[in-house]
Amino acid sequence: MKLASNIEANNVLTLILVVVSLLVIDVWLVPWIISSPYKDNFRADSIENLAEFINFANNYNGQKVYFVGSSVFFGHGLEKRETIPVKFEKCSGIKTFNLALGGGKLEDQIKIINLLNKNVQIIFEVNPLAFGGKERLTNLTLAENKTSLDKLWVPNMYSKRYLLQEFLFEKSTKEYILQLYGKLLDPDYGATKSGKVDFSSKQINIDQEHIQMLESSAGKRVTFVLIPIFNTTYTVNSSKIKDRAIDLTRLNIPKEDYLDLVHLREHGAEIIAENLCKKVKL
């Protein structure tokens, strides 16, 4: 009888210790961990967490700059520490938020701009190869008034799991595993394969509809950055944008610094960032 009582007491004590440990992890440890990706050059890997990150960026106090665009600013093929926004933050000394969306179209970028603080400088990626196609952000809004259901406490370790993945892998767990698998199968994973990419000389024309969409943001604090595309020329013929644009299309970035026609390796991203640090007026 006494042995049974001791076992029962030990089970109760174990349960209490487990509950207390989980509360410590959830209430203090996890929030501390997940704040790290936000403050250390976070980038949104999915649409689901983009709105929350925009909220964080808008509420950040102090001098800051927003980077808005598609896969070039996002850093396709690069780790987050290798991207243009991170390189810009290092050379400018100004807190930089990477709000670019990989695979995002021009309509998506305009929606993001309209959700940002109006008095903060926006550096906007002009990449005509990313303008066309179907938009991804069909319903992007920022939460304003919380309902009683929103205020219901949910453990951070579940509701913020994507930030834990960001903290551990700098990307989603699925993307991290696929990357490891790709490197295992192909030692030259992520490298430029000139046999698969057409590097011949090209001329791209931006249609009037896209020009008008770009002009719709010209009244804000936006600096338009014309991204270089290897061996390709294009111009943005707009008087509203001309004085607000930084034309990097003629930068002589060597082919070895490209992953493909438009996406850059780390050194190419560094070249872009250093030019922006010299030319962007904050």
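This tour visits one strand and its neighbours, then a set of aromatic rings and two charges placed over rings.

The model is predicted, so local features need pLDDT of at least 70 and side-chain atom pairs count only at pLDDT 80 or more, while totals for chains, interfaces and linings use all residues. Residues are numbered from 1 along each chain as its sequence is written, and side-chain values use heavy atoms, with hydrogens and water left out.

**Strand E5 and its partners**

Select residues 222–226, which form strand E5. Helices (H or I, at least four residues) and strands (E, at least two) are DSSP runs, numbered from the N terminus. Five of the five residues in E5 are buried, meaning under 20% relative accessible area, with exposed over 50% and partly exposed in between (1.4 Å probe, protein chains only). Display the side chains: Val222, Phe224 and Leu226 point one way, and Thr223 and Val225 point the other way.

Next, add residues 121–126, strand E3, which runs parallel to E5 and is joined to it by five bridges. Two strands pair if DSSP finds at least two bridges between them. Within this pairing, isoleucine 122 stands opposite valine 222.

Then add residues 245–247, strand E7, which is also parallel to E5 and is joined to it by three bridges. Here valine 225 of E5 faces isoleucine 246 of E7.

**Aromatic pairs**

The whole structure contains twelve aromatic pairs. Rings of Phe, Tyr and Trp (its six-membered ring) pair if their centres lie within 6.5 Å; planes under 30 degrees apart count as stacked, over 60 as edge-to-face and the rest as tilted.

Select phenylalanine 42 and phenylalanine 53: their ring centres are 4.6 Å apart and their planes lie at 65°, so the pair is edge-to-face. Phenylalanine 42 is in the loop between helix H1 (2–39) and helix H2 (47–59), and phenylalanine 53 is in helix H2. Both residues, phenylalanine 42 and phenylalanine 53, are buried.

Move to phenylalanine 230 and tyrosine 258, whose ring centres are 5.3 Å apart with planes at 70°, so this pair is edge-to-face. Phenylalanine 230 lies in the loop between E5 and strand E6 (232–233), and tyrosine 258 in the loop between E7 and helix H11 (266–279), so the pair ties together parts that are 28 residues apart in sequence. Phenylalanine 230 and tyrosine 258 are both buried.

Now select Tyr38, Phe42, Phe53, Phe56, Tyr60, Tyr66 and Phe97, which form one aromatic cluster.

**Charges over rings**

A charge sits over a ring if NZ of Lys or CZ of Arg is within 6 Å of the ring centre and within 35 degrees of the ring normal. Select lysine 95, which lies over the face of phenylalanine 97 at 5.5 Å from the ring centre. Finally, select arginine 43, whose charged end sits over the ring of phenylalanine 74, 4.5 Å from its centre.
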